[in-house]
Amino acid sequence: MTKRIVFTGGSGKAGRDVIPYLLDRGHDVLNLDLVALDHPGVNTLITDLTDSGQVFNAMSMHFGMDRYEDGKLPEAPDAVVHFAAIPRVMITPDNVTYQTNVISTYNVIEAAMKLGVRKVIIASSETTYGVCFAEGDRDFHAFPLEEDYDVDPLDSYGLSKVCNEKTARAFALRFGADIYALRIGNVISPDDYAKFPAFLADPPSRKRNAWSYIDARDLGQIVDLCLKKDGLGFEVFNATNDTITANEKTVDFLKKYAPNTPITREMGDYEAPLSNRKIREVLGFEEQHDWRKYVK
Ligand SMILES: NC(=O)c1ccc[n+]([C@@H]2O[C@H](COP(=O)([O-])OP(=O)(O)OC[C@H]3O[C@@H](n4cnc5c(N)ncnc54)[C@H](O)[C@@H]3O)[C@@H](O)[C@H]2O)c1
């Protein structure tokens, strides 16, 4: 079933590929961002999500000028996808990163719940696993990285995402709604495959991303699958592609490049260390964009 979706942060790197994927599946999208998305059929409301009044207001507006024609007043959307954020450390001072991400996520989820929206999908992050923005070389606790990991980031950005998962859980419990948090891996847009030869030539350089990635278009599929899957309450899902960003088999590779980290279950030959087993099994995710298709 197609849905009316309020999408936040859709003008950014991930949104630019995820929104077209959702439009292709027949969904109707309104983008809330500080800058406009240049894509036909999508209106952007310039909205500062750190201001709760703006968030409530934007979520109860028309999706476009054409909706004034039939004289029907706007209704709350069917679902909210919340991607807006300061997307890493070192863009703003640490406190601003934390404050922006935590307050905007609280505002978006609260407004959605109080307006009666029953499905919210939020962007969490690989950084919750604690290595991405660690000071110095830090080891993961164990491989594969799965959703029951004891997340322990050191940095303001990763911490904001852990806090956002807790906010999502609280609201899902209180309102009996579905709120799914996607622990998104390193987002790879189609142009980014040009960087892969350098990644493969220097394996330690990709440790912070757990030698895993998500194609931005496959992220669109994951969001669409989350829109379709109802009744799970609060859930965390890793959002990554199937395989490791290395030519060696996963277990051999990890024993060489992460020798101090235990491997706690049998892993597929080339399974991504930031495992996507849960989205495959629970949501039916089938990747379309294996990096090997684009990297010779
Ligand atoms: N890019 C990655 O590799 C990656 C990895 C893991 C998680 N994520 C998460 O995925 C989401 C999307 O990431 P991205 O790479 O597209 O980031 P991006 O910075 O390219 O896009 C984020 C968008 O949010 C908007 N935004 C920021 N603050 C806002 C505010 N106060 N009000 C309204 N809009 C605001 C920005 O204008 C921007 O268009 C983010 O939540 C990010 O933390 C990204």
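Colleague: How many disulfides does the structure hold?
Modeller: This is a predicted model. A disulfide is a covalent bond between the sulfur atoms of two cysteines. Cysteine 132 is in no disulfide, and its nearest cysteine sulfur, that of cysteine 163, is 19 Å away. For the structure, the number of disulfides is 0.

Colleague: Is cysteine 132 buried or exposed?
Modeller: A residue counts as buried when its relative accessible area is under 20%. The relative accessibility of cysteine 132 is 8%, so cysteine 132 is buried.

Colleague: What is the relative accessible area of cysteine 226?
Modeller: Cysteine 226 is buried, and buried means under 20%. Its relative accessible area is 0%.

Colleague: Which residues does the UniProt domain annotation cover?
Modeller: The annotation comes from an unreviewed UniProt entry and reads "NAD-dependent epimerase/dehydratase". Over its stretch the chain is 31% helix and 18% strand, with the end C-alpha atoms 37 Å apart. The annotation covers residues 5–197.

Colleague: What span should helix α3 have?
Modeller: Helix α3 runs over residues 94–114, which is 21 residues. The expected span is 1.5 Å times one less than the number of residues. The end C-alpha atoms of α3 are 30 Å apart, which agrees with the expected 30 Å.

Colleague: Which elements cover the buried residues of α3?
Modeller: The buried residues of α3 include Thr97, Val102, Ile109 and Met113. Among the elements that cover the buried residues are β1, α2, β4, β5, α4 and β6.

Colleague: Which glycine follows α3?
Modeller: The residue in question has a positive phi, near 95 degrees. It is glycine 116.

Terms used:
Residues are numbered from 1 along each chain as its sequence is written. This is a predicted model: local features need pLDDT of at least 70, side-chain atom pairs count only at pLDDT 80 or more; totals for chains, interfaces and linings use all residues. Side-chain values use heavy atoms; hydrogens and water are left out. A disulfide is a pair of cysteine sulfur atoms within 2.5 Å. Buried means under 20% relative accessible area, exposed over 50%, partly exposed in between (1.4 Å probe, protein chains only). UniProt positions are given in the numbering used here, feature names are shortened, and annotations may be inferred rather than shown by experiment. Helices (H or I, at least four residues) and strands (E, at least two) are DSSP runs, numbered from the N terminus. Contact means heavy atoms within 4.5 Å.
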